[in-house]
Amino acid sequence: MPSVLLLALAATLIWLERLRPLRRRVDPGPRRVARNLAISAVTVATLQATERPVVRRLTRWVERRGWGIVPGLRLPGWLAAALTVVLFDYTLYLWHILLHRVPLLWRFHLAHHIDLDLDVTTALRFHFGEFLLSVPWRAAQILLVGATPRTLELWQRLTLAEVLFHHSNLRLPGRIERWLSRTIVTPRLHGIHHSTVQAERNSNFSSGLVVWDALHGTLRRDVPQRSITIGVPPYLDEAAVKLGRTLLIPFVSPRDRG
Ligand SMILES: [Zn+2]
């Protein structure tokens, strides 16, 4: 999916969020959007400087050597690409579990979860430290699965499209919701993952295919969106989620990290 299509998708989702909101906004002002974009800009710069060169070198090496699970199976190109995407999606699910279960990783992932609303801009609000810490995981994914530059890029773009979609505050018609959520993560499913209730937050970890949550017993569909408050106690006021405090949260926060 070319970048222009991703931009068009983001713009369409932002437009649809206004037409069919799923949850009532807590902080509808432009400051929150500007804050999320600023946090995202730091993360994108970090990715360009760290993950990108590592990934480029490793995927080229994998392609030359035929290293990893998928190249070893000698599948037709389209099937190899599909299997690479599925295996990356599963290993991203495992990484997301670690982000919640390992205290050091949670400190960084917390910056994403403390957003007081959940919409397309939340999909861009990740602490740069979380992505820095994910570089070795990404390298391991590439080597284990055997991703080439093209299959990795395919997964990255599909995942970004899906992450923009499932973070959006878009109320899908019931039938489309039921049909889509059998296969992929929808805004309703991911809304449960952003709940202030810890038991709800510890569910729906999948980023693409729902099957991983279903297989591991972490799938929940039983929480109505109107009963969900987005965020993480005790960071439930605007002062606690501002730009500077968000960037510092992994390093200095003395509060209970939820
Ligand atoms: Zn999470």
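Me: Which elements give two or more residues to the largest nonpolar core, and which of them gives the most?
Reply: In this predicted model, the largest nonpolar core has 17 residues. F88, W95, I142, A147, L152 and W155 have the most contacts inside that core. Two or more residues come from each of α3 (51-65), α5 (77-101), α8 (135-146) and α9 (149-167). The top contributor, with 6 residues, is α5.

Me: What does W95 contact once its neighbours within four places in sequence are left aside?
Reply: W95 is one of the residues with the most contacts inside the largest core. Leave the sequence neighbours out and W95 is in contact with L105, E130, L133, S134 and W137.

Me: How many residues are in the second, separate core?
Reply: Among its members are V120, A123, V163 and F165. This core is separate from the one just described, and its residue count is 10.

Me: Do the buried residues of α2 line one face or opposite faces of the helix, and within what arc do they fall?
Reply: Start with the list: R32, R35, N36, I39, S40, T43 and T46 are the buried ones in α2. In general, an α-helix has 3.6 residues a turn, so residues three or four places apart point the same way. Seen down the axis of α2, the buried set lines one face, because its residues fall within an arc of 130 degrees.

Me: Which exposed residues sit on the face of α2 turned away from its buried side?
Reply: The buried side has a cover that includes α3, α7 (128-133) and α14 (243-252). Turned away from that side, the face carries the exposed residues P30, R31 and A49.

Me: How far does α2 reach from its first C-alpha to its last?
Reply: Helix α2 covers residues 30-49, which makes 20 residues. At 1.5 Å a residue you'd expect 28 Å, and the model comes close to that, with 29 Å.

Me: How many residues apart are H96 and H193, two of the zinc ion's donors?
Reply: The zinc ion has H96, H100, H109, H113 and H193 as its protein donors, each through NE2, lying 2.2 Å from it. Along the chain they follow H-x3-H-x8-H-x3-H-x79-H. H96 belongs to helix α5 and H193 to helix α11 (residues 187-193), and both are buried. The pair links distant parts of the chain, with a separation of 97 residues.

Me: Which side chain makes a polar contact with that of E51?
Reply: E51 is in helix α3 and is buried, with a relative accessible area of 8%. Beyond four places in sequence, E51 touches T46, S134, V135, R138 and Q156. The polar contact, at 3.3 Å, is with the side chain of R138.

Conventions: Residues are numbered from 1 along each chain as its sequence is written. This is a predicted model: local features need pLDDT of at least 70, side-chain atom pairs count only at pLDDT 80 or more; totals for chains, interfaces and linings use all residues. Side-chain values use heavy atoms; hydrogens and water are left out. A nonpolar core is a set of buried Ala, Val, Leu, Ile, Met, Phe, Trp, Tyr and Cys residues joined through side-chain atoms within 4.5 Å. Buried means under 20% relative accessible area, exposed over 50%, partly exposed in between (1.4 Å probe, protein chains only). Helices (H or I, at least four residues) and strands (E, at least two) are DSSP runs, numbered from the N terminus. Contact means heavy atoms within 4.5 Å. The expected span of a helix is 1.5 Å times one less than its number of residues. The arc is that of the directions from the helix axis to the C-beta atoms. Donors are N, O and S atoms within 2.8 Å of the metal (3.2 Å for Na, K and Ca); water is not among the atoms, so sites may look incomplete. A polar contact is a pair of N or O atoms within 3.5 Å; within protein, one must be able to donate a hydrogen and the other to accept it, and residues adjacent in sequence count only if both atoms are side-chain atoms.
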